[in-house]
Amino acid sequence: MKVLMLGWELPPHNSGGLGVACYQLCESLSKNSDIDLDFILPYQAEHNINFMKVHAARPVGVVEIQQAGTAYDSYKFIFHDGHEEWKDIYSQVRIYEKTVADMAKTMSFDIVHAHDWLTFRAALKIKEMKNCPIVLHVHSVESDRAGGRYGNPLVREIEETSLWMADMIIAVSEHTKKAIIRDYSIPADKIEVVHNSIDPNQLLPLDNNNSYRYLMQLKSQGYQVVSSVGRLTIQKGLTNLLYAAREVVQRMPKTVFLLVGSGEQYHELIALSADLGIGSNVIFAGFQRGKQWRDSFAAADLFIMPSVSEPFGLTPLEAGYYGVPSMISKQAGVSEVLHNCLKVDFWDINEMANKMVSFLRLQALSEVMKEQLTAELSDISWEKSAGKIRNLYGRQVNEVYA
Amino acid sequence: MKSIVLYLHVHQPYRIRHYSIFDVGINHDYFDCNWDSKENNKRILLKVADKSYLPTNEKLLRLLHKYPEFCLSLSMSGVLLEQLEAWAPDVLDSFKKLVDTGRVELIGETYHHSLSFFYSPTEFQTQVNMHKEIIERLFNKSETRVFRNTELAYNNDVAAWAEQAGYKAILAEGWDPLLGWRSPNYVYRPAGTENIKLLLKNYHLSDDIAFRFGDHSWSEWPLTADKFAHWLSEDGNATNFDLFMDYETFGEHQWSESGVLDFLETLPKEWLKTEGHDFKTVSAAADQIEAVGEVDVVNTLTWADTERDLSAWVGNSMQRESIEALYRLEQPLLELNDWDLINDWRKLQTSDHFYYMCVKWFNDGDIHAYFSPYESPYDAYINFMNAYHDLRSRMIDKGISL
């Protein structure tokens, strides 16, 4: 079966999790001998990929595309002051649509699989031309990216129209499936949930040299570290985490919170931690990659993902691979697949504090959770997800051509 | 003579409410919560009464009136009887009516449904005595003549204790790997004892009713009373079929829609149809049937899951830490002579609290296998330990230094 994949980014040129998810999903899918993948990106770049053919929609560099806005910037509104950035992301989407349509004319494939709204128009165009089945893969919907608000009406229009026209929709979680139904009134039986996963081979292995030297010193003095990795935006729920942190520090002064990431809430969160009197217990490490990124997990006793809303949320799985148990919000898609962790509602500050204090106090809790995590993670793999998608393709192709 | 020895276990714990660090040292109402909470004990009791206790007792009473040969045995934990007395006196009356027929025998156990035998011999003896007292008070019965330990936890030492305490018989699981070629359908004697007899649960037959009855994928579904009676008559030499199960099998574990109550209603008719068939209470079986051999149980045997040991209650470090910590409070706490404190401490000993912390079935994502009012074993542990810390805080308030 020949599959035409449409995506906006792939590592190493990714701005976040979308590119990683596409990469690992395709790698896993390609292990099915009867599947051939062609992947069209909006930019031209060097990739070290041998499991599929990667094409550029046109000969522009990554920078030009990323300047137009990343996959995460769609919630930015257009203001009356003539700010023109909005135009670029839409014109990029249009150009992608046109060039992909041109390329598709000479390519042969059985099904189109497109990832997130940026590529949905192109998928629709191909359907119009060739009437082949299109599968739209929703990694997040606009209201998720807008932190629970309405978001950008232009993006919503693309999402709504395309999702209605799709032959099938894949959502990365039940959480996302519900959001699609809620926001766009799509019939539930058209949406299949295929959970994201993680490829442990892509994770940098641990070594004995943690780059957070100061944190290691504190740990040797009996401190415990709670870390969180993610963009500093409203969607990630860090404000509530800081309020809960105050309760924790009052009871367990030897606790340090490590917040890794950058974003528009940066100054606000620093000011808040000072106002709460826990300034010296909260460390802002900024955006990290590579070894520092890995050590943000490895340094922690407990990892926290307090997101207000999270279509999937891979970081607790990554923390788990580094042997660190998590507390996650029930509003994250990953809570549908990860059971051996602590779960809280993102708004429940007292419960967050209750669970953090208990975790930091009770040795047995982290002991059992670590044991169970190892077993549980060994059961979560891209193979399962890819197998499910493989079957969904089969169903679409047979139905349409039967 | 071939006898069915039907024994039903009736028990409900005092579940701990969501009890957080913000309650410790302030609120001591571990077992009280909003009506709508999943852990509301009164609501659960009334629900089970409605679905199981009331309709089943009505059926049992009718059977007792209709068939003079029909009889059965019940074990009712003290914590259950307390709850019935407080919240459902009509249900308690319906049990009294059964016992008043003279053909429903009550079995001895620990008042608090605890594993105290393995942690504190004196506390165990106290709870056995407390249970005797409440049976005597509520049922006008002077003695319980047969003993079952919590969760049928049994070994040679439990048998030796029961013998010196004057019991005629003790109950245990008829576990194949232990019995070898021997069948549970006879009466035995525990190794190292002189007089006491051992009745062994036939778990194949018991589980056909308790677990498999409503399972449509089971090859023997639907199970009818005449088929079941036929299976029993096929074992030519057997003397007794010990059908031991949770009372809540009828109407709660197996819904009444499954036909389980009708099965119960027709079983006596089908069984008694054949000459030489009867029913026996546990003490009648001990009195009238000779022991055919000795059973030696060194390692503790229980009636739970595939291991049949105590690992469902004390298999992981959360469970061991919490139960050991609780029993360490025994001496200083009893010395305080504060009834409220002692009472709460004992309610925390109920085995269900530790069962809720079991992670065995949690990993498969098969949440249905995890019978618990909590979302996870970790939540169960956190609530329990917070309550435990509150007990300590109350002890400190009374002048104890811990």
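Helices and strands here are DSSP runs, numbered from the N terminus. With that in hand, let us walk through this predicted model, beginning with one residue in chain B. Tyrosine Y111(B) sits in the loop that links β3 (104-106) to α4 (121-139) of chain B. Although it belongs to a loop, Y111(B) is buried, with 25 other C-beta atoms within 10 Å; the cut-off for that label is 20 or more. Once neighbours within four places in sequence are set aside, the contacts of Y111(B) are G78(B), Q127(B), M130(B), H131(B) and I134(B). As a landmark for distance, take R328(B), which is 217 residues away from Y111(B) along the chain, with 20 Å between the two C-alpha atoms.

One of those contacts, G78(B), leads us to helix α2 (residues 78-87) of chain B, where G78(B), V79(B), L80(B), L81(B), Q83(B) and L84(B) are buried. The cover over these residues includes β1 (2-10), α1, β2 (72-76), α3 (89-100), α4 and α14 (339-347) of chain B. Follow α14(B) next: its buried residues are D344(B), W345(B), R346(B) and K347(B). Among the elements covering them are α2, α13 (330-336) and α16 of chain B.

Helix α1(B), one of the elements that cover α2(B), also has a helical partner worth a look. Two packed helices are described by the angle between their axes and the distance between the axes. For α1 (residues 41-66) and α9 (residues 260-272) of chain B, the axes come within 10 Å and cross at roughly 10°. Angles under 35 degrees count as roughly parallel, and α1(B) and α9(B) are therefore roughly parallel to each other. On the α1(B) side the contact is formed by P55(B), T56(B), K59(B) and L63(B), and on the α9(B) side by L261(B), L264(B), E265(B) and P268(B). Sorted by class, this contact has 5 nonpolar, 1 polar and 2 charged residues.

Now step back to chain B as a whole. It has 16 helices and 12 strands. A compact globule with 402 residues would have a radius of gyration near 21 Å, and the 21 Å of chain B agrees with that. Along the principal axes, its C-alpha trace spans about 70 × 45 × 45 Å. Of its 402 residues, 49% count as buried. Among the contacts in chain B between residues at least 6 apart in sequence, 76% join residues at least 24 apart.

Where does chain B meet chain A? The meeting involves 17 residues of chain B, in contact with 20 residues of chain A. On the chain B side, the elements that give two or more residues are α12 (317-328) and α16 (377-397). The largest share, 4 residues, comes from α16(B), a helix that we already met among those covering the buried residues of α14(B). By class, the side of chain B that touches chain A has 9 nonpolar, 6 polar and 2 charged residues.

Crossing over to chain A, we find 15 helices and 13 strands. Its radius of gyration is 22 Å, close to the 21 Å that the globule rule gives for 402 residues, so chain A is as compact as a globular protein of that length. The C-alpha atoms fill a box of roughly 65 × 55 × 40 Å along the principal axes. Of the 402 residues of chain A, 49% count as buried. Residues 24 or more positions apart account for 66% of the chain A contacts with a separation of 6 or more.

How confident is the predictor about chain A? Its mean pLDDT is 91, and 93% of its residues reach 70 or more. Please be careful with residues 74-79 of chain A, where pLDDT stays under 50; the model has 13 contacts beyond four places in sequence for them.

Two residues of chain A round off the tour. S108(A) is in the loop between α3 (85-106) and β4 (111-115) of chain A, and it is exposed, with 10 other C-beta atoms within 10 Å. Its C-alpha atom is separated by 56 Å from that of S273(A), 165 residues apart along the chain. K291(A) lies in helix α11 (residues 290-298) of chain A and counts as partly exposed, with 14 C-beta neighbours inside 10 Å. Not counting residues up to four places away in sequence, K291(A) touches L204(A) and S211(A). K291(A) and S211(A) are 80 residues apart in sequence, with 7.4 Å from C-alpha to C-alpha.

Notes. Residues are numbered from 1 along each chain as its sequence is written. Chains are lettered from A and ligands numbered from 1 in the order in which they are written. This is a predicted model: local features need pLDDT of at least 70, side-chain atom pairs count only at pLDDT 80 or more; totals for chains, interfaces and linings use all residues. The radius of gyration is taken over C-alpha atoms; the globule rule is 2.2 Å times the number of residues to the power 0.38. A residue is buried if 20 or more other C-beta atoms lie within 10 Å of its own, exposed if 12 or fewer, and partly exposed in between; C-beta atoms are placed from the backbone. Two residues are in contact if their C-beta atoms, placed from the backbone, lie within 7 Å. pLDDT is the predictor's confidence in each residue, from 0 to 100. Axes are lines fitted to C-alpha atoms, for helices over the stretch in contact, and angles run from 0 to 180 degrees between N-to-C directions. Angles under 35 degrees count as roughly parallel, over 145 as roughly antiparallel, 65 to 115 as roughly perpendicular and the rest as oblique. Ala, Val, Leu, Ile, Met, Phe, Trp, Tyr, Cys and Pro count as nonpolar, Asp, Glu, Lys and Arg as charged, and the others, Gly among them, as polar.
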